[in-house]
Amino acid sequence: MTESEKPVREIRINPIVPSESVLVATARGMRPKKAEAPAPRDTRAHVDTCPFCVGNEHMTPPAIGVYPEDAPWQLRIVENLYPVLGDERENPNLTFGLQQTIDGYGRHEVMIDHNQHGIAVHEMSEAHLALLFSTYRMRMEQLYKSNPRLRYVLVFKNFGPAAGASIAHTHSQFIATPVVPANVQDEVENSRLYYEKNHRCIFCTLIDEALTFEATLYDRESGEIRRKLDVGQFVIERGKKFIAIKPFASRYEWEVHILPLAHQSDYLAITPEDITDLARILRRSMTRLDAVLGGAQYNYFLHSVPHAPKYADCGASYHWHLEICPRTSIPTGFELGSGLFVNTVSPEAAAAKLRAVQLD
Ligand SMILES: [Zn+2]
Ligand SMILES: [Zn+2]
Ligand SMILES: [Zn+2]
């Protein structure tokens with residue numbers, strides 16, 4: 001039995017957000033209900049009735065942006081038909097006792113990620129992924145500039161019915177809000193505290209640890225080896241500028257994070273050269289996930305430093321990243337009630353399996 005196959009049952013504390021802990025329990029049957037096999041995703045290249053397919057452009061709200069501008073398009077950004085936030089200020093801020101509301105001002109846009117209906121990220125070319133990620137950057141910047149009240153632009157993608165994608169055609173979403181999402185706030189505030197104490201970015205520290213191949217713990221009294229840690233076991237992919245890591249305290253069995261190797265707090269600072277390497281690392285990581293899972297359905301989202309005056313000093317302490325969360329199980333009552341995630345695949349075993357996938 002190798003180190004990564006040993007049964008694990010321990011509560012792991014997320015180093016960035018300690019209140020978010022995970023019970024890693026690899027014994028079978030820990031989870032009362034496994035998700036049924038997810039509905040298969042739609043893999044068709046073109047669907048006549050799909051509003052996002054080529055030839056049906058009249059079925060979407062007018063395009064905000066089309067790339068490239070001359071046909072055939074590869075990406076289109078449109079207003080969301082059912083936005084969760086809108087421009088109109090119908091309800092002014094209303095505060096009553098503890099029931100505070102912030103008006104739902106903001107923008108909600110959809111980006112059609114490819115002109116082929118059911119194409120998965122790992123099936124897209126690296127050049128296309130580079131276009132996708134530079135368009136994320138460009139639209140984020142435009143949204144921040146459009147209104148100084150916008151504090152955060154969340155970019156995310158739901159792929160496959162198991163991940164809550166309501167339209168099968170591959171797409172991403174932009175949600176620009178006057179409030180910073182709570183989980184981003186937690187990351188930003190906790191990493192700032194770490195920085196104040198240690199004068200280092202906690203994400204950079206985690207990357208350094210992940211790139212340390214081995215650590216040995218000695219017994220202080222006898223000087224004997226107490227435990228050998230294979231720290232590098234959490235690395236999935238390493239490029240020139242990016243690294244893909246299986247977090248030590250992963251909430252989801254197959255969760256993978258991609259981070260820039262060099263410190264960078266704001267996704268807007270990414271360069272075209274960076275994006276080329278990001279596209280390569282993302283494509284390779286997604287190919288690994290798809291191979292291991294036999295078809296991955298996932299959410300991914302970008303976490304970048306908020307554009308809020310409150311966080312103006314977080315440039316050195318926060319480090320942007322892409323979180324990829326494949327959906328393989330549904331949360332149980334225990335998880336929803338306790339806030340403690342249960343992960344039945346040890347992150348080190350998951351990383352070993354992902355690394356073992358042969359890529360060409
Ligand atoms: Zn379509
Ligand atoms: Zn950093
Ligand atoms: Zn994050």
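**Entry 1: the zinc ion (ligand 1)**

I began with the zinc ion (ligand 1), whose protein donors are Cys-50 (SG), Cys-53 (SG), His-117 (ND1) and His-169 (ND1). I found these donors lying 2.0 to 2.3 Å from the ion. I note here that the model is predicted.

I then looked up the geometry of this site. The angles among the four donor atoms of the zinc ion (ligand 1) run from 105 to 116 degrees, and the site is tetrahedral. For reference, I recorded that the ideal angle for four tetrahedral donors is 109.5 degrees.

Next I checked how the donor residues of the zinc ion (ligand 1) are placed in the sequence, and I wrote down the spacing C-x2-C-x63-H-x51-H. Within this set, Cys-53 and His-117 are 64 residues apart and link distant parts of the chain. I located Cys-53 in the loop between strand E2 (21-25) and strand E3 (63-67). I located His-117 in the loop between strand E7 (107-112) and helix H1 (126-146).

Are Cys-53 and His-117 buried or exposed? I found Cys-53 buried, with a relative accessible area of 1%. His-117 is buried too, with a relative accessible area of 3%.

**Entry 2: the zinc ion (ligand 2)**

I turned to the zinc ion (ligand 2). Its protein donors are Cys-201 (SG), Cys-204 (SG), His-263 (ND1) and His-319 (ND1), at 2.0 to 2.3 Å from the ion.

Why is the arrangement around the zinc ion (ligand 2) tetrahedral? I recorded it as tetrahedral because its four donor atoms subtend angles of 107 to 114 degrees.

In sequence, I read the spacing of the donor residues of the zinc ion (ligand 2) as C-x2-C-x58-H-x55-H. I also looked up the accessibility of two of the donors. Cys-201 counts as buried at 4% relative accessibility, and Cys-204 counts as buried at 13%.

**Entry 3: salt bridges**

I recorded, as background, that side chains of opposite charge can pair when their charged atoms come close. How many salt bridges does a search of the whole structure find? I noted a total of 19, and I looked into several of them.

One of them joins Lys-310 and Glu-189, with the closest N and O atoms 3.5 Å apart. This pair links distant parts of the chain, the two residues being 121 residues apart. I placed Lys-310 in the loop between strand E15 (298-303) and strand E16 (321-326), and Glu-189 in helix H2 (residues 182-198). Lys-310 is exposed, with a relative accessible area of 53%, whereas Glu-189 is partly exposed at 28%.

I next examined Arg-200, which forms a salt bridge with Asp-208, the closest N and O atoms being 3.0 Å apart. Arg-200 counts as partly exposed at 34% relative accessibility. Asp-208 counts as partly exposed at 40%.

I also looked up Asp-277 and Arg-280, whose side chains meet in a salt bridge of 3.9 Å, N to O. Both residues lie in helix H4 (residues 272-293); they are three residues apart and so separated by about one helical turn. I found that Asp-277 counts as buried at 9% relative accessibility, while Arg-280 is partly exposed, with a relative accessible area of 31%.

Finally, I noted a network. Salt bridges that share partners join Glu-79, Arg-107, Glu-109 and Arg-139 into one network.

Methods
Residues are numbered from 1 along each chain as its sequence is written. Chains are lettered from A and ligands numbered from 1 in the order in which they are written. This is a predicted model: local features need pLDDT of at least 70, side-chain atom pairs count only at pLDDT 80 or more; totals for chains, interfaces and linings use all residues. Side-chain values use heavy atoms; hydrogens and water are left out. Donors are N, O and S atoms within 2.8 Å of the metal (3.2 Å for Na, K and Ca); water is not among the atoms, so sites may look incomplete. Four donors count as tetrahedral if all angles lie between 85 and 135 degrees; four count as square planar and six as octahedral if opposite donors are over 155 degrees apart and all others between 65 and 115; anything else is irregular. Helices (H or I, at least four residues) and strands (E, at least two) are DSSP runs, numbered from the N terminus. Buried means under 20% relative accessible area, exposed over 50%, partly exposed in between (1.4 Å probe, protein chains only). A salt bridge is a side-chain nitrogen of Lys or Arg within 4 Å of a carboxyl oxygen of Asp or Glu.
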